[in-house]
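Colleague: Hi! Could you walk me through this structure?
Modeller: Happy to, here it is.

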Protein chains: 2
Amino acid sequence: MVIFQPSGIRGKVDDGVTIMEASRELGADIESLCGGKATCGKCRIKIEEGEFRKYGITSKIESVSPISEGDRKLLSKQQLRDNYRLACQTRIRGDVVIFVPEESRKGQQVIRKDAGARDIRLKPAVKKYHVTLTPATLHDNIGDFERLQTELAERFKLRELTIDYPVLLRLQNLVREDDWEVTVSVWKNREIINIESGQEGKSHGLAVDIGTTTVAGYLCDLSSGEVVATDAMMNPQVAYGEDVMSRISYSVKSEEGLRQLNQAIIKGLNQVAGRAAVKAGIKRSDIVDMTVVGNTCMHHIFLNIDPRYLGKTPFSPSVHHSLDIKARDLGIKISPGAYVHVLPIEAGFVGADNVGVLIAEEPYNQEETLLIIDIGTNGELILGNRNKLLSASCATGPAFEGAEIKHGMRAAPGAIERVKIDPKTKEVQFKIIGNERWSNGAKNLKARGICGSGIFDIAAQMFLAGIIDKSGRFSNRLKTPRLRKSGKELEFVIAWAKETSIEGDIVVCQSDIRAIQLAKGAMYAGGRVLMNRLGVDSIDRVILAGAFGSYIDRESAAVIGLFPDCDLENVYAVGNAAGDGARIALLNVDKRKEADIMARRVEYVELTVEPDFNNIFTQALLFPHMEDKFPHLKHILPENG
Amino acid sequence: MVIFQPSGIRGKVDDGVTIMEASRELGADIESLCGGKATCGKCRIKIEEGEFRKYGITSKIESVSPISEGDRKLLSKQQLRDNYRLACQTRIRGDVVIFVPEESRKGQQVIRKDAGARDIRLKPAVKKYHVTLTPATLHDNIGDFERLQTELAERFKLRELTIDYPVLLRLQNLVREDDWEVTVSVWKNREIINIESGQEGKSHGLAVDIGTTTVAGYLCDLSSGEVVATDAMMNPQVAYGEDVMSRISYSVKSEEGLRQLNQAIIKGLNQVAGRAAVKAGIKRSDIVDMTVVGNTCMHHIFLNIDPRYLGKTPFSPSVHHSLDIKARDLGIKISPGAYVHVLPIEAGFVGADNVGVLIAEEPYNQEETLLIIDIGTNGELILGNRNKLLSASCATGPAFEGAEIKHGMRAAPGAIERVKIDPKTKEVQFKIIGNERWSNGAKNLKARGICGSGIFDIAAQMFLAGIIDKSGRFSNRLKTPRLRKSGKELEFVIAWAKETSIEGDIVVCQSDIRAIQLAKGAMYAGGRVLMNRLGVDSIDRVILAGAFGSYIDRESAAVIGLFPDCDLENVYAVGNAAGDGARIALLNVDKRKEADIMARRVEYVELTVEPDFNNIFTQALLFPHMEDKFPHLKHILPENG
């Protein structure tokens, strides 16, 4: 018997499974950012000892495997003495009660991928046609399908139509059901993918953005273009690893790995489709078209393509082109004859999600030079204009999403999302998700950690307040109780224990700042290398894409040096542009072609083999940069900055 | 416990199943021509009474259901007293021993569908290409699929290729398995349907003719056109009904009916494919293309399309066009990415098999007027030339195949296939299948019944010998022991009991002659109506198609008046032209287009609504015809004929 506290979730599991596996099996969610590699330390739990009469068991530390190397590496001696262990490293050998501290509990992430408001010219791939056929007679007993073909050709100029095989099997009964009156759904003026008896109205399609962390679906009325329902969920693959690399390792680890990940996302998408359909008052099987974007890894796993080669040099994907695959072949439960259109990917990790951004923002139609930054678990860049487009992928690491940050967490309730530091008093004000007001006005909701946008603010505000210097080092001349020593390192308190729900202060330490520097340095260097390759000295506009981008304070991003100098007026967030791209491709079939052409036209720059990258990267580690001037930030930056 | 004798096959069955159902379940084949409708009487069996110690049971007549109406209709009073019953009408209620007389045992039909020798221009739909790809590097890490596309475009001008989704899933490993060297199978210069690592040689395809009674498969080397193996089998659907109409009834009878018939043929085709592959020394999965012909009903059931509308006016099929369907979607276990090309059907029962004949014989390229007669379980006619083509379907009934004939049987060992009658002595000579020599020289093999070609000979020879007159009536002036009374009717002995294995004489009775008259009259009338519609008085050539056609004596066919007058020199059999058509379409993709165009160009004539049909039919019941003169038969026909 295994019992998780405080949730009380319990059950029997096989001898030898890890506590993490047991938690997944029983539904007691424990946080895992590294996918079980004992590097993130987020899955810390405590083995309770004693007799638990309520459950009729005695829990002993001997009921789990001995302290592992991973435990020693990530937990302090005191924690080990207190029976803290890593859930991913500890195996169950008998009856045991496990306490999951709040910071190790997986929060329900706040999902804020709304459908952006954009003007899209309507030209869907699937259209409905309503026809009444001439019934067969002995003098005219041509086949039902040919009868339908003739009518569609005469009335709508639709020629050489084929028919989906399972639809053909239902054809005879359908035409006879309502006196030879039918409504036909035609895909790309080419194939009959659905038939309904009688006169039926609207067609619906689903645009899906498979993010590493979040999956968002936009159900659209194909005849009006309107979004009639949206639905989102955590990517169910998160249970198997937080980032792209840990999912690749998981899929390679065992024969079942890929299948599990694939089935998780397919099941998730079926849920998204189902719930969106319910919201819109239609049946899931009424959805006759679907478009999908996602980064290269999500793209591969969704298609059940082995992603192992994405994880090792030369990082080549299986396929770049867009694909049209029958929903039923993928296990997607919408209209059985429907196709799923998977947008093309660009190169390396610059995937179909970035192509979504591309066709949404259309830099290839602009005179101005645009830098599009998509900050997800991976950073992706596009730079260029109508003449030329370059792209790159930056190994920013997961710091911006809260991983590898001591008190980092996802954007879930309790996360500090905005921070202000008074440059004189060094006092901190913050705002947490789930609470409208700033700072410690929170009554019911206390801070649990810091999410991505909070991290941007903290780095910028600490720099502007002189708590850290240009090189990121903590100042040792400041007199404030918030700056203090912890072991050999300095740390800065963002929220005092009384303001938190984790029975301790929420702090930023030196290694957190280093992680931010590495992440932003990689992004900046990527942008700069692309500028060099394009031969430009300045950029006209910066577009922050990705759901996450909408929540970043652009000034904070500029101050830490996330991107080269640009007028802040021309820096803006476009929300989930990848999702918009999926929606645009859903509503306008010409944009699918455009995506294929443009994805190929974008020249991919592999940063790791660019000779100047390392040098630029090293300089970009500083706040905002070692040498580059930022004329547009002059009024903000400290004079020695 | 049910025991079948003399085979000894036994087992337990559910209470209340018919003896026919029990025989199918246990694998004791009992003949059934009418599909359980109590009209053919072929399934006569005997209930044995007594104690069977060997099996520890006592068999009683009370262990089966009482005498039914069907039994009374088809069995004599003596037979009923002797415990003979119809297997399809008698239900099992307890332990019983059932004797299956030889004439009720289902013989292994002689299957003689050889691949005809024809010159076919090679242009297969599937071709293999061998390429070596440039391995991916960091500077060139385009996807594996695009790498393959580029190579195929540059070397073979194959552009805009798509790829079968399951093949895409295997692509990455396949290209890396043999150092980026692969062999690619491309369908219609359009889709990659298979990839093998390394350099692979030949491609194979399977052409299939699904006859109502026989299924034949021709495995071809697509690069040489050669037939490398053939395989044939009884259509496994025969167990559910002998002819097209009884299969339609079976499929309509229950929800499971269609699925059972469909699965039977799919399983059968997989066996044919498997055995042919073994003979050719390849794997079944090496078969990368397949073509299928069959009459409209076989076509529908093979595709799992409900055939109910084929059985009732206005007899319209679900689809006429040719179809390309993934083998895996049909359950056909060849190369999983392969397509099955199903040839178009013409109209009504003039199906894809007839289209096979059409593209094999190409009447649309001839100056001469051809009459093509396909004698199967159903009769099909094509008449015309390069200017115009007409087709019709004749309800000949199954008489030509041995059904509805007292001693009729299929073309299996023991069947009388050729007959000569001395016009003076009225003595009979015959030849049976499985025996090289004529008449009673048979030592090991005795006659068991009469098959189709024997029936043609008998009718012609009896007419020429004056045993029957022009109207088909038995002469009552002849003095020969072979002509005798049986009840109120006359009958003519073809084989004496000592020459047979059925413990009795094999005879032809008046109603047999009537059945032949109805069948040949329908065929003749069909041909004549088509001639009227085409506006011709004579025909230049008659082609007897269908495996069966090869075994008919053309003089016998002409003498009974199967077709209007034609020089016997210009009457010939082409064997299984439908199968040839399938093979032609397999080897030459242009012929598939031709089939679609020509199937549409042929004008279908629904004989039942032609005003002159009944009159012509009535006249054609006579031997050879009431009024028509047969100048080319003048030297053969009796003077008063």
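Modeller: Let's start inside chain A: the buried residues of helix 4 of chain A are covered by elements including strand 8 (126-132), strand 9 (162-163), helix 5, strand 10 (181-187) and strand 11 (191-197) of chain A. Helices (H or I, at least four residues) and strands (E, at least two) are DSSP runs, numbered from the N terminus. This is a predicted model: local features need pLDDT of at least 70, side-chain atom pairs count only at pLDDT 80 or more, and totals for chains, interfaces and linings use all residues. Residues are numbered from 1 along each chain as its sequence is written, chains are lettered from A and ligands numbered from 1 in the order in which they are written, and side-chain values use heavy atoms, with hydrogens and water left out.
Colleague: Which residues of helix 4 of chain A are buried?
Modeller: Among them are A:Phe145, A:Leu148 and A:Leu152. Buried means under 20% relative accessible area, exposed over 50%, partly exposed in between (1.4 Å probe, protein chains only).
Colleague: And what comes just after helix 4 of chain A?
Modeller: A:Lys157, which takes a positive phi of about 60°.
Colleague: New topic! How many residues of chain A are in contact with chain B?
Modeller: 42 residues of chain A, with 41 residues of chain B on the other side; contact means heavy atoms within 4.5 Å.
Colleague: How many salt bridges are there between chain A and chain B?
Modeller: Zero, where a salt bridge is a side-chain nitrogen of Lys or Arg within 4 Å of a carboxyl oxygen of Asp or Glu.
Colleague: Which element of chain A gives the most to the side that touches chain B?
Modeller: Helix 5 of chain A, with seven residues.
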